[in-house]
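Hi everyone, thanks for coming. Today I'd like to walk you through one protein chain, starting with confidence and then moving on to the surface. Here it is on the screen.

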Amino acid sequence: MAVGIKLKGWKDTATMLKELPDKVQRNVIKQAMTKGAQMLAERARASTNIKDRSGNLRKSIQVRRRNAE
């Protein structure tokens, strides 16, 4: 299943992010990625494509943050 995303105004956003301190940049990006992942998880849980009689598979779809550093 292919997913396409079209971003408008990304160059301006990236320029503004570079002007922020590094720690603030990381926090902004983490929050945005977490919010996007939560939206994706909600959509996956609501999907009718999942064959899950007990509901355990749907319940197991979660968003977890971890540091890659």
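What you see is a predicted model, so let's begin with how confident the predictor is. The average pLDDT of the protein chain is 82, and 91% of the residues score at least 70. Where is confidence lowest and where is it highest? The low end is helix α1, residues 10–18, with a mean of 84. The high end is helix α2, residues 22–46, at 88.

Now for the surface. Please find K23, R26, K30 and R65: together they form a positive surface patch. Let's pick one of them, R26, which sits in helix α2. Is R26 buried, partly exposed or exposed? R26 counts as partly exposed, because its relative accessibility is 41% and that class covers values between 20% and 50%.

There is a nonpolar patch on the surface as well, made by I5, L7 and W10. Together these residues have about 400 Å² of accessible area.

Let's stay with L7 for a moment. You'll find L7 in the segment before α1. Why do we call L7 exposed? Its relative accessible area is 60%, and exposed means over 50%.

One last thing to look up on the screen: L7 and Q62. How far apart are their C-alpha atoms? Along the chain, L7 and Q62 are 55 residues apart, and in space their C-alpha atoms are separated by 25 Å.

That's my tour. Thanks for listening, and I'm happy to take questions!

Key:
Residues are numbered from 1 along each chain as its sequence is written. This is a predicted model: local features need pLDDT of at least 70, side-chain atom pairs count only at pLDDT 80 or more; totals for chains, interfaces and linings use all residues. Side-chain values use heavy atoms; hydrogens and water are left out. pLDDT is the predictor's confidence in each residue, from 0 to 100. Helices (H or I, at least four residues) and strands (E, at least two) are DSSP runs, numbered from the N terminus. Patches are made of residues with over 30% relative accessible area and no salt bridge: like charges are joined within 9 Å, nonpolar side chains (Val, Leu, Ile, Met, Phe, Trp, Tyr) within 5 Å. Accessible areas come from the Shrake-Rupley method with a 1.4 Å probe; for residues, only the protein chains shown count as cover. A salt bridge is a side-chain nitrogen of Lys or Arg within 4 Å of a carboxyl oxygen of Asp or Glu. Lys and Arg count as positive and Asp and Glu as negative; His and the chain ends are not counted. The place of a charge is taken as NZ of Lys, CZ of Arg, CG of Asp or CD of Glu. Buried means under 20% relative accessible area, exposed over 50%, partly exposed in between (1.4 Å probe, protein chains only).
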